[in-house]
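This report describes the fold, the overall dimensions and one helix of a single chain. The structure is shown first.

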Amino acid sequence: MESVPVVLVVEHEEPLQEIVHDALNEGDFDLTTVASGREAIAMIESGVVKYSALVADVNLKGPMKGWEIARLVRQIDPHFPSST
């Protein structure tokens, strides 16, 4: 049985969360959605789920923006998939 890729989505606006959720579900992805960078980092650090990808709002509200979240995720897990 093939595992379904799990995507971690970081978006603070509920309407955008719904749009991303619907699009990823249509693409047969499973996902976890959080509203802040702090929550995203906690999810990655916990190691409970092995995420296949990160989708983060680059203009996220709060102290952490999307690019910083991506950088921290790569520091926590250097083997985390990257688009670069």
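## Fold and packing of the chain

In this predicted model, the order of elements along the sequence is β-α-β-α-β-α. The chain thus holds three helices and three strands. Its radius of gyration is 12 Å, close to the 12 Å that the globule rule gives for 84 residues, so the chain is as compact as a globular protein of that length.

Values for the whole chain are listed below.

| Property | Value |
|---|---|
| Box filled by the C-alpha atoms, along the principal axes | roughly 40 × 30 × 25 Å |
| Residues that count as buried | 27% of 84 residues |
| Exposed area | about 5700 Å² |
| Share of the exposed area from carbon and sulfur atoms | 55% |

Among contacts with a separation of 6 or more, 63% join residues 24 or more positions apart. The charged side chains number 6 positive and 14 negative, and 13 Å separates the centres of the two sets.

Helix 2 covers residues 37–46. Which of its residues are buried? They are Gly-37, Ala-40, Ile-41 and Ile-44. These residues lie on the same side of helix 2, because the arc they cover around the axis is only 95°. Their packing partners are strand 1 (6–10), strand 2 (30–34) and helix 3 (66–76). Just after helix 2 comes Gly-47, with a positive phi of about 70°.

How values were computed. Residues are numbered from 1 along each chain as its sequence is written. This is a predicted model: local features need pLDDT of at least 70, side-chain atom pairs count only at pLDDT 80 or more; totals for chains, interfaces and linings use all residues. Side-chain values use heavy atoms; hydrogens and water are left out. Helices (H or I, at least four residues) and strands (E, at least two) are DSSP runs, numbered from the N terminus. The radius of gyration is taken over C-alpha atoms; the globule rule is 2.2 Å times the number of residues to the power 0.38. Buried means under 20% relative accessible area, exposed over 50%, partly exposed in between (1.4 Å probe, protein chains only). Contact means heavy atoms within 4.5 Å. Accessible areas come from the Shrake-Rupley method with a 1.4 Å probe; for residues, only the protein chains shown count as cover. Lys and Arg count as positive and Asp and Glu as negative; His and the chain ends are not counted. The place of a charge is taken as NZ of Lys, CZ of Arg, CG of Asp or CD of Glu. The arc is that of the directions from the helix axis to the C-beta atoms.
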